[in-house]
Amino acid sequence: MPQAKVLSGKELRRVLDHVATRPHAARNRAIILLTHWAAMRIGEVAALRMGHVVGRDGSIKTEIRLDASRTKGGHPRTVYINDKLRKELAAYVKSLDDRPTYDAPLFSTQKLTAFSANSLCQAVNLIYARAGMEGATSHSGRRTLITTLAQRGVGVRVLAAIAGHRDIRVTQAYIDVNESMMRAAVELVA
């Protein structure tokens, strides 16, 4: 089975532009960006509760601490949220009609229930398909972030920690080696 497509910045903007024209735009934008900017698995995103992201004072946290029951492999992990993503999450939370309780799902379906990992995966895959991103799946955000950071020189051990991988070989398989990476690498030889 082929790996999920790695999106360029332009392709991600195209997806986000598409999302902006559809119902539940703020919710879907936040979901897509959690996968692209924090390397979260779609099952982890589906399992998020308000209290994982919003502090008791109403501020957006800089870290999301996931217990073992909410991660693949059953190992707790910390997801780091950059300033750009914190602003996006703040805009999403502000867009909600009612302030959900601390234990409420961060993302709800139209029926105001929590997404299952499978239903959120299907929803994200449909967003990509409707935006014309052939080969993109709910895993594309993770692969895109890991590949982008690798292109910028971030070491594989750091990438593995960000992705929540215990084995760097898994992380290495995520990195999409492309022509521009190879050209840049050979230019390093002086």
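Helices are DSSP runs of H or I with at least four residues, strands are DSSP runs of E with at least two, and both are numbered from the N terminus. The views below show a predicted model.

**View 1. Overall layout of the protein chain, with 10 helices and 2 strands.** From the N terminus, the order of elements is α-α-α-α-β-β-α-α-α-α-α-α. The radius of gyration is 17 Å, close to the 16 Å that the globule rule gives for 190 residues, so the chain is as compact as a globular protein of that length. Along the principal axes, the C-alpha atoms fill a box of roughly 60 × 35 × 30 Å. Buried residues account for 42% of the 190 residues. Take the contacts between residues at least 6 apart in sequence: 64% of them join residues at least 24 apart.

**View 2. Packing of helix α2 on helix α7.** Helix α2 spans residues 25-38, and helix α7 spans residues 140-151. Their axes lie 6 Å apart, at an angle of about 30°. Angles under 35 degrees count as roughly parallel, and α2 and α7 are therefore roughly parallel to each other. The crossing is right-handed. Thr35, His36, Trp37 and Ala38 form the α2 side of the contact. The α7 side consists of Ser140, Gly141, Arg142, Thr144 and Leu145. By class, the contact of α2 with α7 has 3 nonpolar, 5 polar and 1 charged residues.

**View 3. Surroundings of Ser140 in helix α7.** Ser140 is buried, with a relative accessible area of 0%. Residues up to four places away in sequence are not counted here. On that basis, Ser140 touches Ala4, Lys5 and Leu7, among others. Its other contacts are His36, Tyr128 and Gly135. His36 and Ser140 also both belong to the contact of α2 with α7.

**View 4. Packing of α7 on helix α8, residues 156-163.** The two axes come within 10 Å and cross at roughly 155°. Angles over 145 degrees count as roughly antiparallel, and α7 and α8 are therefore roughly antiparallel to each other. The crossing of α7 past α8 is right-handed. From α7, the contact draws on Arg142, Leu145, Ile146, Leu149 and Ala150. From α8 come Leu159, Ile162 and Ala163. These residues divide into 7 nonpolar, no polar and 1 charged. Arg142 and Leu145 take part here, and they take part in the contact with α2 as well.

**View 5. Packing of helix α1, residues 9-20, on α6.** The axes are 9 Å apart, and the packing angle is about 105°. That makes α1 roughly perpendicular to α6. Val15, His18 and Val19 of α1 meet Ile127, Tyr128 and Arg130 of α6. The contact of α1 with α6 divides into 4 nonpolar, 1 polar and 1 charged residues. Tyr128 belongs to this contact, and it also touches Ser140.

**View 6. Surroundings of Leu120 in helix α6, residues 117-130.** Leu120 is buried, with a relative accessible area of 1%. With neighbours within four places in sequence left aside, Leu120 is in contact with Ile31, Ile42, Val45, Ala46 and Phe115. Ile162 is 42 residues from Leu120 in sequence. The two C-alpha atoms are 22 Å apart.

**View 7. Surroundings of Leu66 in strand β1, residues 63-66.** Leu66 is buried, with a relative accessible area of 3%. Setting aside neighbours within four places in sequence, its contacts include Met40, Glu44 and Leu48. Thr71, Pro76, Arg77 and Val79 are also in contact with Leu66. Leu48 and Leu66 are 18 residues apart in sequence. In space, 8.5 Å separates their C-alpha atoms.

**View 8. Loop residues Ala39 and Leu112.** Most residues other than glycine have a negative phi. Ala39 has a positive phi, near 60°. Leu112 also has a positive phi, of about 65°. Ala39 lies in the loop between α2 and α3 (42-47). Leu112 sits in the loop between α5 (83-95) and α6. Is each residue buried or exposed? Ala39 counts as buried, at 0% relative accessibility. Leu112 counts as exposed, at 70% relative accessibility.

Note on methods. Residues are numbered from 1 along each chain as its sequence is written. This is a predicted model: local features need pLDDT of at least 70, side-chain atom pairs count only at pLDDT 80 or more; totals for chains, interfaces and linings use all residues. Side-chain values use heavy atoms; hydrogens and water are left out. Axes are lines fitted to C-alpha atoms, for helices over the stretch in contact, and angles run from 0 to 180 degrees between N-to-C directions. Angles under 35 degrees count as roughly parallel, over 145 as roughly antiparallel, 65 to 115 as roughly perpendicular and the rest as oblique. A crossing is left-handed if the near helix is turned anticlockwise from the far one by less than a right angle, and right-handed if clockwise. Contact means heavy atoms within 4.5 Å. Ala, Val, Leu, Ile, Met, Phe, Trp, Tyr, Cys and Pro count as nonpolar, Asp, Glu, Lys and Arg as charged, and the others, Gly among them, as polar. The radius of gyration is taken over C-alpha atoms; the globule rule is 2.2 Å times the number of residues to the power 0.38. Buried means under 20% relative accessible area, exposed over 50%, partly exposed in between (1.4 Å probe, protein chains only).
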